[in-house]
Amino acid sequence: MGQPVVHFEIGCSDSARTQEFFAQLFGWEIQQLGTAAMITTGAATGINGHITALGQEPHNYVTVYVQVDDVAAYLEKTQALGGKVLVPAVEIPTGTFAWIGDLDGNVVGLWKPKEQ
């Protein structure tokens, strides 16, 4: 079975400015939640996401998150295939994420939701 794309992230240097831009541009509902601003697109299809200002490079990026059942296993598989682990597994209250780089340097997030 394939792994679905479940979330997107927009990185920026000024979260408030970026939130205002996308709220006005697309009519997205955006609410601050800790260091991230959660995006509800309001659409019946597609995925929701968030905006974040890391406080360090990279300041401008857009990435998608692919849901997996074992983040560590996919990090190992990434390296075996010649990709790079850019951000190792990080646990947050809602699950675990990591960032990988493909063979061309594209950033893709891995996501495993916290088990209920």
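**Exercise 1. Describe the surroundings of T41, beginning with its side chain.**

Solution. A polar atom of the T41 side chain lies 3.3 Å from the backbone nitrogen of A43. A polar contact is a pair of N or O atoms within 3.5 Å; within protein, one must be able to donate a hydrogen and the other to accept it, and residues adjacent in sequence count only if both atoms are side-chain atoms. The model is predicted: local features need pLDDT of at least 70, side-chain atom pairs count only at pLDDT 80 or more, and totals for chains, interfaces and linings use all residues. Residues are numbered from 1 along each chain as its sequence is written, and side-chain values use heavy atoms, with hydrogens and water left out.

Next, place the residue: T41 sits in the loop between β3 and β4 (49-52). Helices (H or I, at least four residues) and strands (E, at least two) are DSSP runs, numbered from the N terminus.

Is T41 buried or exposed? Its relative accessibility is 18%, so T41 counts as buried; the cut-offs are under 20% relative accessible area for buried, over 50% for exposed, and partly exposed in between (1.4 Å probe, protein chains only).

Last, list the contacts (heavy atoms within 4.5 Å). Not counting residues up to four places away in sequence, T41 touches F8, W28, I47 and N48.

**Exercise 2. Find the residues of the largest nonpolar core.**

Solution. A nonpolar core is a set of buried Ala, Val, Leu, Ile, Met, Phe, Trp, Tyr and Cys residues joined through side-chain atoms within 4.5 Å. The largest one has 9 residues: F8, I10, C12, F22, W28, I30, A37, I39 and I51. Two elements, β1 (5-11) and β3 (36-40), give two or more residues to this core. A second, separate core has 6 residues, among them V71, A98, I100 and L110.

Now take one member, C12. Leaving aside neighbours within four places in sequence, C12 is in contact with T18, I51, T52, A53, L54 and H59.

**Exercise 3. Work out which face of α2 is buried.**

Solution. Helix α2 covers residues 71-80, and V71, L75 and T78 are its buried residues. Seen down the helix axis, these buried residues fall within an arc of 60°, so they line one face of α2; the arc is that of the directions from the helix axis to the C-beta atoms. An α-helix has 3.6 residues a turn, so residues three or four places apart point the same way.

Then turn to the face away from the buried side, where α2 carries the exposed residues E76 and A80. The buried residues pack against β6 (84-92), β7 (95-101) and β8 (107-113).

Finally, look at the two ends. At the start of α2, a side-chain oxygen of D70 comes within 3.2 Å of the backbone nitrogen of A72. After α2 comes G82, with a positive phi near 100°.

**Exercise 4. Compare the settings of Y74 and P4.**

Solution. Y74 belongs to helix α2 and is partly exposed, at 23% relative accessible area. Beyond neighbours within four places in sequence, Y74 is in contact with Q3, V68, D69 and L110.

P4 lies in the segment before β1. P4 is partly exposed, with a relative accessible area of 40%. Again leaving aside neighbours within four places in sequence, P4 is in contact with Y65, V66 and Q67.

**Exercise 5. Locate the cis peptide bond.**

Solution. The bond runs from E57 to P58, with omega near -5°. P58 is in the loop between β4 and β5 (61-67).
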